[in-house]
Amino acid sequence: MRFDTKIAVLLRDELATWQRLNVTTFLVSGLAATDPELVGEPYADADGTAYLPMFRQPVLVFAGSKEVLTSAHARALARNVPLAVFTSDLFATGNDTDNRAAVRAVPRDQLDLVGMALHGPRNAVDKILKGARLHG
């Protein structure tokens, strides 16, 4: 099935494995929390055990350099595509309040981005992610 929209995560290519996983989970939680249409119905197994719902469509994970992230961030903002960001400063914080304060302390063009997640029209997301490669 081909979707008209795309959910994508862009990670800095130099992150350690645990950082990639951590950043990805934090970022996609922002998408799920702000767009209920992205999330499907709850699951249940044949015994009737209930499970939480998940995204309705695949999440594609990309990697790129610091420069690729900076460019993608600027393109997403220029296109008014909502996004979640994760900066290197967040690795040193331990709670949501400190996370928000760490991002708030840095001007937009000086954020040390290590990841971002976005959802938007497929064509727009593809243009925003220009220069990134599928994570693998």
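**Entry 1. The second largest pocket**

I began with the classes of residue in the lining of the second largest pocket: 4 are nonpolar, 3 are polar and 1 is charged. The model I am reading is a predicted one. I then listed the residues behind these classes, and found Gly 30, Leu 31, Thr 34, Asp 35, Pro 82, Leu 83, Ala 84 and His 119. Two elements, α1 and β5, give two or more residues each to this lining. I noted that α1 gives the most, with 3 residues. For the volume of the second largest pocket I recorded about 150 Å³.

**Entry 2. The largest pocket**

I turned next to the largest pocket, which holds about 240 Å³ of space. Its lining consists of Phe 26, Leu 27, Ser 29, Gly 30, Ala 84, Val 85, Phe 86, Leu 90, Asp 96, Asn 99, Arg 100 and Val 103. By class I entered 7 nonpolar, 3 polar and 2 charged residues. Which elements supply at least two residues of this lining? I found α1, β5 and α3, the last of these spanning residues 96-104. Gly 30 and Ala 84 appear in the lining of the largest pocket, and I had already entered Gly 30 and Ala 84 for the second largest pocket.

**Entry 3. The nonpolar cores**

I looked up the largest nonpolar core, which has 16 residues. The members that touch the most other members are Val 9, Val 23, Leu 27, Leu 31, Phe 55, Phe 86 and Ala 117. At least two residues of this core come from each of β1 (5-12), α1 (17-34), β5 (83-87) and β6 (113-121). The element that gives the most is α1, with 4 residues.

I then followed Ala 117 on its own. Leaving out residues up to four places away in sequence, Ala 117 touches Ala 8, Val 9, Leu 27, Val 28, Leu 31, Pro 82, Leu 83 and Ala 84. A second core, separate from the largest one, has 15 residues, and Ala 8, Phe 62, Leu 118 and Ile 128 are among them.

**Entry 4. Aromatic rings**

I counted 3 aromatic pairs in the structure. The pair of Phe 86 and Phe 91 is tilted, because the ring centres are 5.2 Å apart and the planes stand at 50°. Are these two residues buried or exposed? Phe 86 has 5% relative accessibility and therefore counts as buried, while Phe 91, at 25%, counts as partly exposed. One aromatic cluster is formed by Trp 18, Phe 26, Phe 86 and Phe 91. I had already met Phe 26 and Phe 86 in the lining of the largest pocket.

**Entry 5. Val 125**

I located Val 125 in helix α4, residues 122-128. Its relative accessibility is 0%, so Val 125 counts as buried. Apart from residues up to four places away in sequence, Val 125 touches Lys 6, Ala 8, Leu 118, His 119 and Gly 120. Ala 8 and Leu 118 were in my entry on the second core. I also checked Val 125 against Ile 7: these are 118 residues apart in sequence, and their C-alpha atoms are 8.2 Å apart in space.

**Entry 6. Lys 130**

Where is Lys 130 found? I placed Lys 130 in the loop between α4 and β7 (133-134). Lys 130 counts as exposed, because its relative accessibility is 63%. Not counting residues up to four places away in sequence, Lys 130 touches Val 68 and Arg 75. From Lys 130 to Val 59 I entered 17 Å, C-alpha to C-alpha, and 71 residues in sequence.

**Entry 7. Arg 79 and Asn 80**

I closed with the loop between α2 and β5, where Arg 79 lies. Asn 80 is in this loop too, after α2 at residues 66-78. Arg 79 has a relative accessible area of 41% and is therefore partly exposed. Asn 80, with 68%, is exposed.

Beyond neighbours within four places in sequence, Arg 79 is in contact with Ala 124, Lys 127 and Ile 128. Arg 79 and Asn 123 are 44 residues apart in sequence, with 11 Å between their C-alpha atoms.

For Asn 80 I noted a positive phi of about 60°, although this residue is not a glycine. Most residues other than glycine have a negative phi.

Key
Residues numbered from 1 in each chain as written. Predicted model: local features only at pLDDT ≥ 70, side-chain atom pairs only at ≥ 80, totals over all residues. Heavy atoms only, no water. Core = buried A, V, L, I, M, F, W, Y, C linked by side-chain atoms within 4.5 Å. Buried < 20%, exposed > 50% of the residue type's maximum accessible area, 1.4 Å probe, protein only. Contact = heavy atoms within 4.5 Å. 1 Å grid on protein atoms, 1.4 Å probe; cavity = no way out; pocket = protein on both sides within 12 Å on 5 of 7 lines; lining within 4 Å. Points joined across faces, edges and corners; volume = space filled by probe spheres on them. Nonpolar A, V, L, I, M, F, W, Y, C, P; charged D, E, K, R; others polar. Phe/Tyr/Trp six-rings, centres within 6.5 Å; stacked < 30°, edge-to-face > 60°.
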